[in-house]
2 protein chains.
Amino acid sequence: MNNEDFLEAYLSDRQKIVDEALRRYLPDEGGVPHDLHTAMHYSVFAGGKRIRPILCLAALEACGGDLAPAMPFACALELIHTYSLIHDDLPAMDNDDFRRGKPTSHKVFGEALAILAGDALLTEAFVLLSRMEKVRLAAEKRLAVIHEIATAAGVAGMVGGQALDIRAENHSPDFEGLECTHRLKTGALIAVAVKAGAILAGANDEKIQSLNVYGSHLGIAFQIADDILNVEGDSSLMGKKTGSDVASGKVTYPSLLGIENARAKLAEHIEAAAAAIEAFDSRALPLRVIARYIMDRKS
Amino acid sequence: MNNEDFLEAYLSDRQKIVDEALRRYLPDEGGVPHDLHTAMHYSVFAGGKRIRPILCLAALEACGGDLAPAMPFACALELIHTYSLIHDDLPAMDNDDFRRGKPTSHKVFGEALAILAGDALLTEAFVLLSRMEKVRLAAEKRLAVIHEIATAAGVAGMVGGQALDIRAENHSPDFEGLECTHRLKTGALIAVAVKAGAILAGANDEKIQSLNVYGSHLGIAFQIADDILNVEGDSSLMGKKTGSDVASGKVTYPSLLGIENARAKLAEHIEAAAAAIEAFDSRALPLRVIARYIMDRKS
């Protein structure tokens, strides 16, 4: 099996496992208030690729960890990612009508319920992270991972990055400013997904540190690939309009560096990510091929 | 010292302690991105009465617990409360321009930043709850309290209640529906503040249960008092417009029951709260006078 076939089978298998776990963990769609539960399910099951949970599980495997006790953590990362998309799409933010080929939450449920669905999913992530039953992990380790995830999701991470991104609409950032925005907005949650997997597997500090370097480069690479796709991507594959960054005059890697240099930057980060886990054995194969996939992704 | 003087001194002392802790715990106002940090500080220090943290600490004291290790929990409750006010005030929600006599977050910082400040404060609550340093509490106990707080703040609690409240604008609820809305929207976080204090103090199940009953009645009572104040309150004391519920035709305790019956209902819940902690010794005096204060509050 070549890398491409391996990756396709691996991602598809992992998406299935994560989807099943999400269905198990998310409060039942029939719950009260009904419309809020429906809105939560709508966005969680709108066709996400589950990259963050898959990275968490792949890092865990690379360190020889057991999947089952890590599933609530992997799923919590997806709930946090989903909430951030709902809020980012709001009229007051990026004002996007479509996401993954479907109308965005506020288009279907109205703005008020979209805001609340986001709030509820973020909160539910922490309900899930702190569940006591059936988790055979030391409480101290769980608290440490909760702390890492909350920090990466908050003002020092994802939310901070989103605030910088909004500000960039009026104050065009330079390259350093753009990289800082992306490191926080997209990079922090991806990096913590990988790090959480390592901590949950009980990896030693050296391995955790190596995987943190891998995750940080991967996070930035993911955003550069996103910027390139916004210029060159096929909107039918993406499920949303492309070309919007150029139209709005938004500062991106391609707009600052040119498309070729942006692509070179992406390759640099992917190489740095791969180099960081060179010493890992063959259990790190998924992490290696995922890095390649992010460089070549079409949607 | 009569009860009124005791309460005034007690609340003022506790507000000071909570404010000091919030200043210590909240990321520095000078942090990057600057506008987001400013927006977070603006709402957290906009003159809140700190009722939820004070209730948490009072329940802790009533069970003989030590204040210091509980401070992050008490403050996290205030961050969650503050985020909920920022989001509730948004144009898509209640569209309020003033809160505690000051312009609301979106009026000062714009809608996008107000949404993000709310998201950041909610996330920061969990950063605080999961901090490892200097907290001398068993990790299992901390996880259990995090779980209780997240559950009370989410779809099965506060956010669920807010969704019911928005829905009530088009589908006027009956008394049962109204009570359910209030139990979730306002009651859940107040009840969990009291319960968290009891758990953190290491109280036995019987005491935790009694305090949970106290907190549940107090939470509903708090909302009935709010509804009555909206009809009869002095807007200069409240720092916001009164009479808005009548003007908008909103279903409230006074509109469903009449003002006298609403007041009787409030007294019933206050009595039930007091009765639930009758067996507690004099260390429960603050909880007793706080219940009285909620019945008589003017703002």
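**Exercise 1. Work out how helix α4 (residues 71–88) of chain B and helix α9 (residues 175–200) of chain B are arranged.**

Solution.
- Start with the axes. In this predicted model, those of α4(B) and α9(B) come within 10 Å and cross at roughly 170 degrees.
- Apply the cut-off. Angles over 145 degrees count as roughly antiparallel. α4(B) and α9(B) are therefore roughly antiparallel to each other.
- List the residues. α4(B) brings Phe73(B), Leu77(B), Ile80(B) and His81(B). They meet Leu189(B), Ala193(B), Ala196(B) and Leu200(B) of α9(B).
- Sort them by class. The contact of α4(B) with α9(B) has seven nonpolar residues, one polar and no charged.

**Exercise 2. Find which residues touch the most other members of the largest nonpolar core, and trace the contacts of the one in chain B.**

Solution.
- The largest nonpolar core holds 196 residues. Cys56(A) and Cys56(B) touch the most other members.
- Now take Cys56(B) and set aside residues up to four places away in sequence. Its contacts include Ala70(B), Phe73(B), Ala74(B) and Leu77(B). Cys56(B) also touches Ala193(B), Val194(B), Ala196(B) and Gly197(B).
- Link back to the helix pair. Phe73(B) and Leu77(B) belong to the α4(B) side of the contact with α9(B), and Ala193(B) and Ala196(B) to the α9(B) side.

**Exercise 3. Classify the packing of helix α3 (residues 51–62) of chain A against helix α15 (residues 285–296) of chain A.**

Solution.
- The two axes are 8 Å apart, and the angle is about 140 degrees.
- That angle falls under no parallel, antiparallel or perpendicular range. α3(A) and α15(A) are therefore oblique to each other.
- From α3(A) come Leu55(A), Ala58(A), Ala59(A), Glu61(A) and Ala62(A). They meet Pro286(A), Leu287(A) and Ile290(A) in α15(A).
- The class count is seven nonpolar, no polar and one charged.

**Exercise 4. Describe the side of chain A that touches chain B.**

Solution.
- Count the residues. Chain A has 45 in contact with 45 of chain B.
- Assign the helices. α2 (34–44), α6 (111–129), α7 (139–153) and α8 (158–168) of chain A each supply at least two residues.
- Pick out the main contributor. α6(A) gives the most, with twelve residues.
- Split by class. This side of chain A has 28 nonpolar, nine polar and eight charged residues.

**Exercise 5. Determine the relation between chain A and chain B.**

Solution.
- Superpose the chains. A turn of 180 degrees and a shift of 0.0 Å along the axis lay chain A on chain B, with an RMSD of 0.0 Å.
- Name the relation. It is that of a two-fold axis.
- Locate the axis. In chain A, the C-alpha of Ala139(A) is nearest, 2.7 Å from the axis.
- Compare the surfaces. The same surface serves both copies, and 100% of the contact residues of chain A recur in chain B.

**Exercise 6. Decide whether Leu121(A) and Ala153(B) are buried or exposed, and list their contacts.**

Solution.
- Place Leu121(A) in helix α6 of chain A. The cut-off for buried is 20 or more neighbours. Leu121(A) has 28 C-beta neighbours inside 10 Å, so it counts as buried.
- Beyond four places in sequence, Leu121(A) is in contact with Met40(A), Leu79(A), Thr82(A) and Tyr83(A). Met40(A) is 81 residues from Leu121(A) in sequence, yet their C-alpha atoms are 6.8 Å apart.
- Place Ala153(B) in helix α7 (residues 139–153) of chain B. Ala153(B) has 31 C-beta neighbours inside 10 Å, so it counts as buried.
- Leaving out residues up to four places away, Ala153(B) touches Ile80(B), Met158(B), Val159(B) and Leu189(B), and also Thr123(A) of chain A.
- Add one distance. The C-alpha atoms of Ala153(B) and Leu122(B) are separated by 9.5 Å, with their positions 31 residues apart along the chain.

Terms used:
Residues numbered from 1 in each chain as written. Chains lettered and ligands numbered in written order. Predicted model: local features only at pLDDT ≥ 70, side-chain atom pairs only at ≥ 80, totals over all residues. Axes fitted to C-alpha atoms, helices over the stretch in contact; angles between N-to-C directions. Helix = DSSP H or I, 4+ residues; strand = E, 2+ residues; numbered from the N terminus. Parallel < 35°, antiparallel > 145°, perpendicular 65-115°, else oblique. Contact = placed C-beta atoms within 7 Å. Nonpolar A, V, L, I, M, F, W, Y, C, P; charged D, E, K, R; others polar. Buried ≥ 20, exposed ≤ 12 C-beta atoms within 10 Å, placed from the backbone. Least-squares fit on C-alpha atoms with pLDDT ≥ 70 in both. Core = buried A, V, L, I, M, F, W, Y, C linked by C-beta atoms within 7 Å.
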